[in-house]
Amino acid sequence: YTNKRVTEMQVLKRTAFVFILLALIFILALWGFIQNFPGDSIADATSKRLSSQTGINFEIQDFELGWSELRTAEISISNPNWLIGPEMRLLVFKNVEVPFKSIVTSREAKINGDLHEGEMKISTELISPETLYLSLKDVRIERVPLFALIPYTFVSGSLSMSVLIKNFREFHLNGRFPEGILKGKLNDTRIRISGGSALLDLNLPELNQTEILFDAELGQVISLNNIQFKGSLEGTVNGKIKLNKNRLNMSTIDLNFLLTPSPDLKIELSRFSKILLPFKCGEKINVNLKGTFNRLNLPSRNKCLP
């Protein structure tokens, strides 16, 4: 009986040794694969594929394969081919990671990263994705090159928002406009507008908004359902923006502004009292703004309600 037990123990030890050896071989093989992972060629192929399918220029630094995630130091997005003007980077994502856990447990592809001093998260279904969810937290908009494209305007502040794209598959495959819902807010925002023929080349006072809340429906026609201003200007903005895919600068806007200046801003606006008077309903500025991105019409006053 003793000899039999000794034999069984030897078999168990040898079996355990074999499994440990196989595990070590697997770990060494995996480590070797990680060390020799072709991250440069995969990043290059991914950049070209995304650029060709979306019409937006992507540049991805070499991928690195970790034990629990795929990562890259930077992904930049430049202006699309159909946007007239010199090529420039519009968004720069840093420290981008794709964790494997969500792929295994929920069959979702999740992407985490940093965006201009804030955080970015993206998630979508791994197989036949129908929707895409994007969230941003505390992004410093003055660091975003995209905002430099707004003519005669400087904007700073902290942006947090969420976007749900409902037609991601059609948008991805057929180049349609993204459709969905966008909600968010801007905190401690400074807006400085100077010059511009649409504003008669006037240098307007700087606006300091403690909070700007926004809610919009996305599509070829963007519906601004409820934009609320708090701070130097108090009030709401609503309306529609109709995008022109072939010529973005010819996209049309039709926006209504119902805003009340703060006491301090009223003092600064006093020198424009004759200009503002035709657009006021009592103490409120009640204005409609129409035109295209590259050529806005002169503002007109909306009907004053009793």
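This short talk covers the disulfide in this structure and the strands around strand β15. Please keep in mind that the model is predicted.

I will begin with the disulfide. The structure holds 1 of them. Which residues does the disulfide join? C281 is joined to C304, with an S to S distance of 1.8 Å. For anyone who wants the background, a disulfide is a covalent bond between the sulfur atoms of two cysteines.

The link of C281 and C304 is left-handed, with -80° about the S-S bond. The pair connects distant parts of the chain, 23 residues apart. C281 sits in strand β14, residues 280-281, whereas C304 lies in the segment after β17, and β17 itself covers 300-301.

Are the two cysteines buried or exposed? C281 has a relative accessible area of 18%. Buried means under 20%, so C281 counts as buried. C304 is at 31% relative accessibility and counts as partly exposed, because that class runs from the buried cut-off up to the exposed one at 50%.

Now to the strands. C281 stands opposite K284 in β15, and that takes us from the disulfide to strand β15, residues 284-292. How many of the residues in β15 are buried? The count is 7 of 9, and the strand is mostly covered.

Which strands pair with β15? I will take β14, β13, β17 and β16 in turn.

β14 and β15 run antiparallel and are joined by 2 bridges. They form a hairpin with 2 residues between the strands, and in that hairpin G282 takes a positive phi near 65°.

Strand β13, residues 252-261, is also antiparallel to β15, and 8 bridges join the two. As an example of the register, L255 has L289 of β15 as its bridge partner.

β17 runs antiparallel to β15 as well, with 2 bridges between them. Here N288 has S300 in β17 as its bridge partner. On the chain, the segment after β17 is where C304 is found.

That leaves strand β16, residues 295-296, which pairs with β15 in the antiparallel sense over 2 bridges. T292 is matched with R295 in β16. β15 and β16 form a hairpin, again with 2 residues between them.

One general remark for reading the picture: in a regular strand the side chains alternate between the two faces of the sheet.

To recap, C281 and C304 form the disulfide, C281 stands opposite K284 in β15, and β15 is mostly covered.

Methods. Residues are numbered from 1 along each chain as its sequence is written. This is a predicted model: local features need pLDDT of at least 70, side-chain atom pairs count only at pLDDT 80 or more; totals for chains, interfaces and linings use all residues. Side-chain values use heavy atoms; hydrogens and water are left out. A disulfide is a pair of cysteine sulfur atoms within 2.5 Å. Helices (H or I, at least four residues) and strands (E, at least two) are DSSP runs, numbered from the N terminus. Buried means under 20% relative accessible area, exposed over 50%, partly exposed in between (1.4 Å probe, protein chains only). Two strands pair if DSSP finds at least two bridges between them.
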